[in-house]
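This briefing concerns side-chain packing and pairing in a single structure. The sequence and the model are shown first, and the points that follow are grouped by topic.

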Amino acid sequence: MKSPAASPNYVGLVKFLVQPFLESPESLSVDCEVSQALQRVWVRIAFDSTDKGKVFGREGRNIQAIRTVIAAAAELAGQSVYLDIYGGGSQSRDSTSFDEEQEERILPPKSKERESNIPKPVVKPRLR
């Protein structure tokens with residue numbers, strides 16, 4: 001049986017992955033808690049809420065990619081990892097997972113301008 005590798009530097013890895021998306025990288029706060037007995041790691045991040053859209057990306061693609069990289073590093077070390085995202089660096093909010101954040105998203109209403117550009121179907125009278 002293989003012995004697990006040393007625990008990765010999760011704080012450094014998360015900073016490396018998330019900071020490029022932030023307008024103010026110094027707002028990023030990363031906290032890491034490792035349970036050796038359970039082989040589990042909890043990583044909590046917080047940043048300015050104005051950068052939330054960039055970090056999450058379209059349909060959550062960016063944050064999902066970040067989670068995948070962190071999970072791969074944890075798997076190599078024989079650990080499982082949980083990433084919690086907090087509302088903002090300056091505000092205190094309850095931690096929420098990615099799924100909860102995705103449920104909070106509301107699509108913007110369609111503009112009347114776009115609706116008016118859609119051609120109307122032409123109805124021709126039937127001849128008998």
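## Salt bridges, core and aromatic pair

Glu23 is exposed, with a relative accessible area of 61%. The model is predicted. Glu23 pairs with Lys54 in a salt bridge, and the count of such bridges comes to 4. The points below take up the salt bridges, the nonpolar core, the aromatic pair and a buried polar residue.

**The Glu23–Lys54 bridge**

- The closest N and O atoms of Lys54 and Glu23 are 2.4 Å apart.
- Lys54 belongs to helix α2, whereas Glu23 sits in the loop between α1 and β1 (29-35), so this salt bridge ties together parts that lie 31 residues apart in sequence.
- Lys54 is partly exposed, its relative accessibility being 38%, while Glu23 is exposed at 61%.

**The network around Arg44**

- A network of salt bridges links Asp31, Glu33 and Arg44.
- Arg44 meets Asp31 at 3.1 Å, N to O.
- Because Arg44 lies in strand β2 and Asp31 in strand β1, their pairing ties together parts that are 13 residues apart in sequence.
- Between Glu33 and Arg44, the closest N and O atoms of the salt bridge are 3.0 Å apart.
- Glu33 is a residue of strand β1 and Arg44 one of strand β2, so this pair ties together parts that are 11 residues apart in sequence.
- Asp31 is partly exposed, with a relative accessible area of 42%; Glu33 is also partly exposed, with a value of 42%.

**The nonpolar core**

- In soluble globular proteins, nonpolar side chains tend to be buried together.
- The largest nonpolar core in this model comprises 20 residues, and Val18, Val43, Ile45 and Ile70 have the most contacts inside it.
- At least two residues of this core come from each of α1 (10-18), β2 (40-46), α2 (52-56), α3 (61-76) and β3 (80-86).
- Setting aside residues up to four places away in sequence, Ile70 touches Tyr10, Leu13, Val14, Leu17, Val81 and Leu83.

**The aromatic pair**

- How many aromatic pairs does a search of the whole structure find? The search finds 1.
- The partners are Trp42 and Tyr82, which are stacked, at 6.1 Å centre to centre and with 20° between the planes.
- Trp42 is in strand β2 and Tyr82 in strand β3, and the pair links distant parts of the chain, 40 residues apart.
- Stacking requires planes under 30 degrees apart, and the angle of 20° for Trp42 and Tyr82 falls in that class.
- Both rings belong to partly exposed residues: Trp42 has a relative accessible area of 22%, and Tyr82 has a relative accessibility of 36%.

**Gln79, a buried polar residue**

- Where is Gln79 found? Gln79 is in the loop between α3 and β3.
- Gln79 has a relative accessible area of 10%, and because buried means under 20%, Gln79 counts as buried.
- The side chains of Gln79 and Tyr10 make a polar contact of 2.5 Å.
- Leaving aside neighbours within four places in sequence, Gln79 is in contact with Ser7, Pro8, Tyr10, Val34, Gln39, Val41 and Ala74.
- Tyr10 thus appears in two settings, as a residue touched by Ile70 and as the polar partner of Gln79.

Note on methods: Residues numbered from 1 in each chain as written. Predicted model: local features only at pLDDT ≥ 70, side-chain atom pairs only at ≥ 80, totals over all residues. Heavy atoms only, no water. Core = buried A, V, L, I, M, F, W, Y, C linked by side-chain atoms within 4.5 Å. Buried < 20%, exposed > 50% of the residue type's maximum accessible area, 1.4 Å probe, protein only. Helix = DSSP H or I, 4+ residues; strand = E, 2+ residues; numbered from the N terminus. Contact = heavy atoms within 4.5 Å. Phe/Tyr/Trp six-rings, centres within 6.5 Å; stacked < 30°, edge-to-face > 60°. Polar contact = N/O pair within 3.5 Å; in protein donor to acceptor, adjacent residues only side chain to side chain. Salt bridge = Lys/Arg side-chain N within 4 Å of Asp/Glu carboxyl O.
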